[in-house]
Amino acid sequence: MTAADLHTLTGAYALDALDGAEAGAFERHMAECGVCAQEVRELRETAARLALGVALVPPPAMRERVMAAVAGVRQLPPPAPEGDVVPLRGRRRGRGRLSYLAAAACLVIAVGAGGWAVNAQREAERDRARLESVRQETAMLVDLMSAPDTRMRTAPVSGGGEATVVTSRGLNRAAFLYRDLPELPDSQVYQLWYDEDGSMKSAGLVDAPEGGSGAMLLAGGPRGTDGVGVTVEPAGGSAEPSGAPVMLVPFKG
C-alpha cells in the first residue's frame, strides 16, 4: 500500500471501518503525517455531531396535551366484591339517572381523548418521518466521508465562523459542514450555490440551528462544477445570488 493510498483512508479510519492490518498501517502513517491526523480529528468530531443530530426531542405541546387529557380522565374505583353487587331492579330511578349521566360524561371524555389520540398519532408519524429523513441523510454523509475520492476544503465565512465543503465526484455528492456561523435575522438565510462555468445554481438553504454549527447535504452533485459559494439571501432563498458571497470554495487549484 503506497503513501498515496494511505492518505485516502482517513474517513474509513475515523469510522473504525478498517481491518487490523489496514488500521495498523494507517496509524503508523498518521504518526508521521500531521495532515491525516488533523483530518481524522475533524471527521470524528463531525461524526459525533451527526450522531447527536439523529435524536429528536418530542414537541413541547405534546406534554401539555397529555397532561390536559390526564386531568380530564377519572381514575376507575376498585372493583366491588361479587357479593356486594346490587341487582339492577333494586336500584332507584335517581341512581339510574346518575348512571346515565356518568355514561354520557365518559362518552364525551372518550370522544375527546380519541381526537387527541388521533392528533398525537399524526404528530408521531410526522416525527417518525423526520427521524427517518435524518437517518438517511446521516447515512449518506457517512458514505460521503468514507469514499476513496473524498475531498475536504475548509474556508472562513465573512463575519465569523468557518465551513468545510466535502465532495466525492465518484458518488456525485457534496456536504456542507459549518461551525459558528453568525446568526441571521428571520428575514434572511444562508444559501448555497454551485458554480457551473460562471453560472450559479442553487444547492440548498442552510437551516442553521442555535449555535450556528451543523452539517447538511447539498442539493445536486459536484460533477461539472467549479466550486461552491455561500450568500446571504432573503428568507426562502433566491433564484440567483443577490449579493457578494460570504464564502467561496473553488474545486480547482
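This is a short talk on two sheets, a pair of cysteines, a loop serine and a pocket in one structure. The model is a predicted one, so please keep that in mind throughout.

I will start with the sheet that holds β1. It is an open sheet of 4 strands, in the order β1-β2-β3-β6, and the pairing is antiparallel. β1, residues 151-156, and β6, residues 214-217, stand at the edges; each has a single partner strand, so one side of each has no neighbour in the sheet. On average, neighbouring strands here are turned by 20° against each other, with direction ignored. As general background, strands of a sheet pair through backbone hydrogen bonds, in either a parallel or an antiparallel way.

Now to β3, residues 173-179. How many bridges join it to β2, and how many to β6? Between β2, residues 162-168, and β3 there are 7 bridges. Between β3 and β6 there are 4. Both pairs run antiparallel.

Some individual positions, for those following on the screen. On the β2 side, S168 stands opposite R173 in β3. On the β6 side, F176 has M216 as its bridge partner, and L177 stands opposite A215. β2 and β3 form a hairpin with 4 residues between them. In that turn, N172 has a positive phi of about 55°. As for burial, β3 is mostly covered, with 6 of its 7 residues buried.

Next, the other sheet. This one is also open and has 4 strands, in the order β5-β4-β7-β8, with antiparallel pairing. Its edge strands are β5, residues 199-206, and β8, and each of them pairs on one side only. From one strand to the next, the twist averages 30°. Within this sheet, β4 and β7 run antiparallel and are joined by 8 bridges. One position to look at is Y190, which stands opposite V232 in β7.

Staying with β7, I want to point out the loop that follows. S242 is found between β7, residues 227-234, and β8, residues 247-250. Is S242 buried or exposed? Its relative accessible area is 55%, and exposed means over 50%, so S242 counts as exposed. The C-alpha atoms of S242 and T231 are separated by 7.8 Å, and these two residues are 11 apart along the chain.

β4 comes up again at the second largest pocket. β4, residues 188-196, gives the most to the lining of this pocket, with 3 residues. The lining has 16 residues in total, and those nearest the centre are P182, E183, L184, A208 and P209. By class, the lining has 9 nonpolar, 3 polar and 4 charged residues. The space in this pocket comes to about 320 Å³.

Last, the cysteines. Why are C33 and C36 not counted as a disulfide? The sulfur of C33 has its closest cysteine sulfur in C36, at 3.6 Å, and the cut-off is 2.5 Å, so the two are too far apart for a bond. Starting from C36, the closest cysteine sulfur is that of C33, again at 3.6 Å. The count of disulfides by this rule is 0. Both cysteines are buried: C33 has a relative accessibility of 11%, and C36 has a relative accessible area of 2%. For both residues the cut-off is under 20%, which is why they are classed as buried.

That is where I will stop.

Conventions: Residues numbered from 1 in each chain as written. Predicted model: local features only at pLDDT ≥ 70, side-chain atom pairs only at ≥ 80, totals over all residues. Heavy atoms only, no water. 1 Å grid on protein atoms, 1.4 Å probe; cavity = no way out; pocket = protein on both sides within 12 Å on 5 of 7 lines; lining within 4 Å. Points joined across faces, edges and corners; volume = space filled by probe spheres on them. Helix = DSSP H or I, 4+ residues; strand = E, 2+ residues; numbered from the N terminus. Nonpolar A, V, L, I, M, F, W, Y, C, P; charged D, E, K, R; others polar. Pairing = 2+ DSSP bridges. Axes fitted to C-alpha atoms, helices over the stretch in contact; angles between N-to-C directions. Buried < 20%, exposed > 50% of the residue type's maximum accessible area, 1.4 Å probe, protein only.
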